[in-house]
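Thanks for making the time this morning. I would like to walk through one model with you, and I will start with a question once it is up on the screen.

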Amino acid sequence: LPSLLQQWALLALSACSSVCCLCCLLGLLVAIGLTLGNHGRVLLAPCSIANIALAPVSPECPFDPTRVYVSSPWAGVGDG
C-alpha cells in the first residue's frame, strides 16, 4: 500500500513540475517574441542618458549597461 501511495504522489509531483515547466517555457517564448518583435529597442529605452531623473538602478532601469559586474571570489583582492 505505501508503494502505491508513493507512486501516486510521485505522479502528482511530476505533473505539477511539468505544468510549472511549461508555464516558464511559455513565458520565455513570449518574452523572446516581444523582444524580437520590437527589435530590442525598448529593453534599454528607460536607461537613456536623456532621462536623468531615472537612476541607473531603478525599477524602470534594473541594471546599468555601462557597469562591469564582477562575481569572481578574488575580485576584491588587492583593492587598496
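How far apart do the end C-alpha atoms of residues 12-36 lie, and how much of that span is helix and how much is strand? Before I answer, please keep in mind that what you are looking at is a predicted model. The end C-alpha atoms of residues 12-36 lie 36 Å apart, and the span is 100% helix and 0% strand. I picked that stretch because UniProt, in an unreviewed entry, lists residues 12-36 as "transmembrane region", and I would stress that this label comes from the record.

Stepping back to the whole protein chain, its secondary structure comes to 1 helix and 0 strands. Helix 1 covers residues 2-37, and since 36 residues at 1.5 Å a residue should span 52 Å, the 52 Å between its end C-alpha atoms agrees with that expectation. Just after helix 1, histidine 39 takes a positive phi of about 55 degrees.

Turning to the surface, buried residues make up 5% of the 80 residues in the protein chain, while the accessible surface comes to about 7000 Å², with 73% of it belonging to carbon and sulfur atoms. On that surface there is a nonpolar patch, formed by Leu22, Leu25, Leu28, Leu29, Ile32 and Leu36, which together have about 610 Å² of accessible area. Leucine 22, one of the residues in this patch, is found in helix 1, and because its relative accessible area is 55%, above the 50% cut-off, leucine 22 counts as exposed.

Now to the cysteines, where the structure holds 0 disulfides. Cysteine 16 is in no disulfide, and the nearest cysteine sulfur, that of cysteine 20, is 6.7 Å away. For cysteine 24, the closest cysteine sulfur is also in cysteine 20, at 6.8 Å, which is too far for a bond, because a disulfide here requires sulfur atoms within 2.5 Å.

Are these two, cysteine 16 and cysteine 24, exposed, partly exposed or buried? Cysteine 16 has a relative accessible area of 49% and is therefore partly exposed, as the exposed class begins over 50%, whereas cysteine 24, at 58% relative accessibility, counts as exposed.

Methods. Residues numbered from 1 in each chain as written. Predicted model: local features only at pLDDT ≥ 70, side-chain atom pairs only at ≥ 80, totals over all residues. Heavy atoms only, no water. Helix = DSSP H or I, 4+ residues; strand = E, 2+ residues; numbered from the N terminus. Expected span 1.5 Å × (residues − 1). Patch = residues over 30% accessible without salt bridge, like charges linked within 9 Å, V, L, I, M, F, W, Y side chains within 5 Å. Areas by Shrake-Rupley, 256 points an atom, 1.4 Å probe, with all protein chains shown as cover. Salt bridge = Lys/Arg side-chain N within 4 Å of Asp/Glu carboxyl O. Buried < 20%, exposed > 50% of the residue type's maximum accessible area, 1.4 Å probe, protein only. UniProt positions renumbered as here; feature names shortened; annotations may be inferred.
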